[in-house]
Amino acid sequence: MKGWTGRILRIDLTTKSFKTESFSEEFAHTWIGGRGFAAKILYDELAPGIDPLGPENKFIVALGPIAGIPAPNTGKAVVAAKSPSTGGYGDGNLGTKVAVQLRKAGYDALIVEGKADRPTMLVIEDDQVSFQPADAVWGQGTYETNNWIYATHGTGVGVLNIGQGGENLVRYAVVRSLEGRAGGRTGMGAVMGSKLLKAVVVRGTKPIPLADPEGMKEVGLGDLAEVHRIDKESGWSIQSTNAVLGWCNEVAALPVRNFRKTHHPDAWRVDGERLSDARVALYGCPNCTMHCGIAMHDDEGRMAELDYENVALLGPNLEIFDLAQVASLNYLCDDYGLDTMSSGCTLSFYADAIDHGATSGDFAFGDASGAKMLLGMIARREGIGDLLADGALQAARTFGHGSEAYAMQVKGLEMPAYNCKFIPGMALALGVSPIGAHHKEAWIITFELKETLRDSYGPEKAQKVIDLQRIRGGLFECMVSCRFPWIENGWPLEHYPVYFNLSTGLDWTLDDFWTVSDRIYALMKLFWLREHPQTDRTADYPPAVWFDPANVDTDGPIAGRHLEYDKYDGLLQDYYDIRGYDERGIPTRDTLTRLGLAAEATAAAEFGLLT
Ligand code: PTT
Ligand code: SF4
């Protein structure tokens with residue numbers, strides 16, 4: 001088999017043992033890699049109802065047939081497990097040298113099972129695996145841990161590690177890697193922490209098996225140079241993701257004050273231009289020629305890497321408009337290993353709940369030092385931090401008084417920074433995202449606001465959500481590579497089957513990827529349903545506050561407007577109809593059979609999911 005190493009490394013932390021398993025060509029062609037491999041393995045191997053923070057959960061790092069090879073932006077890895085924040089399938093995608101090193105070590109995926117008896121660092125060097133004590137850095141943040149690993153293993157290794165957030169099982173703890181990246185906002189850091197797995201260190205020295213290494217080198221290196229040229233010409237990396245902040249403010253899509261408002265006159269103070277002016281360094285993932293991680297000094301002189309989601313949710317959403325303070329909150333999230341997005345939404349929910357009398361406390365919007373203190377309390381699970389560590393929905397259930405309506409989350413996962421008070425298609429994209437509220441699946445907002453009528457709930461929006469899910473949540477998450485060359489600099493999608501075919505020797509077209517993508521979405525949905533058998537279509541609804549006439553903007557482009565329940569429900573039905581799901585949002589038996597999931601359909605029927 002070419003393109004895939006054909007090997008998975010399975011680790012048991014309880015017994016400190018490991019084995020290498022091979023997988024078939026059929027498995028590779030059916031699931032491609034990355035999210036496809038992870039979803040299939042977790043669906044098959046996890047018994048329904050297990051505790052995501054118990055030793056039965058499995059932590060997976062999965063790569064794909066173009067991960068790590070010399071082609072545009074292939075230094076990415078998928079981390080996955082049953083999610084502690086949603087209880088469904090969870091994953092994240094992070095830039096890391098592990099993508100390159102694990103493939104060179106001869107593996108397409110790593111499965112970590114069980115639980116260590118003490119803080120452990122897993123070290124993988126080609127065929128050698130060792131379980132090393134990590135007591136020296138247990139209790140330390142991710143920067144110190146990274147540096148300690150560098151000092152002991154050299155700077156060439158790939159590293160995944162967690163901070164205090166993961167150790168203390170914060171349900172939105174992330175996995176961090178060198179180069180300032182973070183991933184797995186569905187709580188993958190907490191899953192590592194629950195296994196006492198402080199870090200994974202990987203070094204590989206073998207060639208990645210490619211069908212046409214010479215062709216790949218020629219095409220891949222040429223395209224890396226071309227992507228670099230296009231990026232320089234477009235200037236996208238100058239402000240990178242934060243370029244979108246000013247636009248979101250303009251079109252009334254910015255989260256301000258726990259999503260209560262959609263724009264703010266001070267938003268310019270934290271926009272892309274200000275970030276670009278403050279820039280002191282630029283971070284990039286491996287194999288990338290359009291580095292987008294803009295780093296600046298925070299108010300204490302520490303270097304923090306900021307992206308749009310981080311800035312919007314830790315800034316305007318908390319009514320903090322001082323970029324150095326926002327950078328500080330971002331730095332703390334990175335060091336504690338907390339997801340910036342869920343942290344921002346959970347803190348804004350807390351301020352809103354106090355504001356509305358649902359609970360008492362001395363935190364308020366605009367209070368940057370209070371936010372810093374609370375992040376530390378969350379990471380250590382101290383005081384109110386213990387409750388906030390379980391996320392906005394859990395906190396709302398505890399506070400009561402109707403506060404669940406303004407806990408900004410879907411399926412338990414907090415929102416990305418798009419205020420969809422009156423953006424029906426993007427609200428649908430977040431509602432039907434299989435891992436909870438995440439923009440990675442279908443970022444329809446620009447299509448919706450630039451190319452269609454904002455008011456429309458027409459089926460073209462449901463179709464566009466599916467088209468984008470196929471590309472973003474399917475193609476890029478399985479291959480595995482960064483989607484930014486395509487989304488930000490217009491790098492044509494047609495390049496990706498070329499890389500895939502040079503890597504594997506196959507002759508696939510984009511249509512082949514759409515089928516695999518639909519299969520994976522159906523499986524992620526089955527995973528969710530198996531864990532939440534009482535679920536109904538309201539699980540695919542965004543927060544109630546977006547439908548609330550009492551919560552409308554009083555000025556700006558969408559003054560007086562809000563989402564409408566019956567129209568949203570119609571759009572949701574269009575989505576189900578196109579996907580071949582029934583009125584409860586369950587893939588029908590015909591759909592599952594068409595996607596090659598007949599066995600899963602039979603099992604789901606036995607489980608009482610299918611009628
Ligand atoms: C992603 C989510 C995002 S999405 C951001 S900013 W973004 C936040 N970044 C965080 C951070 O930083 N520190 C921290 N402690 N928590 C953070 N949480 C948030 O995590 C990221 C880039 C970005 S920047 C995006 S959109 C794209 N995402 C991709 C994706 O999902 N798939 C893919 N094939 N390519 C992608 N390219 C882009 O990568 P999660 P990263 Mg992260 C500091 O993983 O869980 O999916 O959440 O991935 O390596 O950091 O790169 O405006
Ligand atoms: Fe990483 Fe940004 Fe490059 Fe994508 S564009 S690979 S996120 S540095």
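1. Start with the metal. The magnesium atom of ligand 1 has Ala 182 as its only protein donor, through the O atom at 2.4 Å. Keep in mind that this is a predicted model, and that water is not among the atoms, so the site may look incomplete.

2. Where does Ala 182 sit? Its place is in strand E11, which covers residues 181-183. Ala 182 also turns up in a polar contact: one of its polar backbone atoms is 3.0 Å from an oxygen atom of ligand 1.

3. Two side chains also reach oxygen atoms of ligand 1. For Lys 76, a side-chain N or O atom is 2.8 Å from one, while Arg 483 has a polar side-chain atom at 3.2 Å.

4. Now the wider surroundings of ligand 1. There are 31 residues around this ligand, and those coming nearest are Asn 93, Gly 95, Ala 182, Asp 334 and Asp 339. By type, the shell splits into 12 polar, 11 charged and eight nonpolar residues.

5. Which elements build that shell? At least two residues each come from strands E5 (89-95) and E11, and from helices H11 (308-314), H12 (323-336), H13 (340-355) and H19 (459-479). E5 gives the largest share, with four residues.

6. Ligand 2 is worth a look too. Four cysteines are listed around it, Cys 285, Cys 288, Cys 292 and Cys 482, along with Asn 73, Lys 76, Arg 181, Gly 284, Met 290, His 291 and Phe 484. This shell divides into six nonpolar, three polar and two charged residues. Lys 76 is listed around ligand 2 and also has the side-chain contact with ligand 1 noted above.

Notes:
Residues numbered from 1 in each chain as written. Chains lettered and ligands numbered in written order. Predicted model: local features only at pLDDT ≥ 70, side-chain atom pairs only at ≥ 80, totals over all residues. Heavy atoms only, no water. Donors = N, O, S within 2.8 Å, 3.2 Å for Na, K, Ca; no water. Near = heavy atom within 4 Å. Polar contact = N/O pair within 3.5 Å; in protein donor to acceptor, adjacent residues only side chain to side chain. Nonpolar A, V, L, I, M, F, W, Y, C, P; charged D, E, K, R; others polar.
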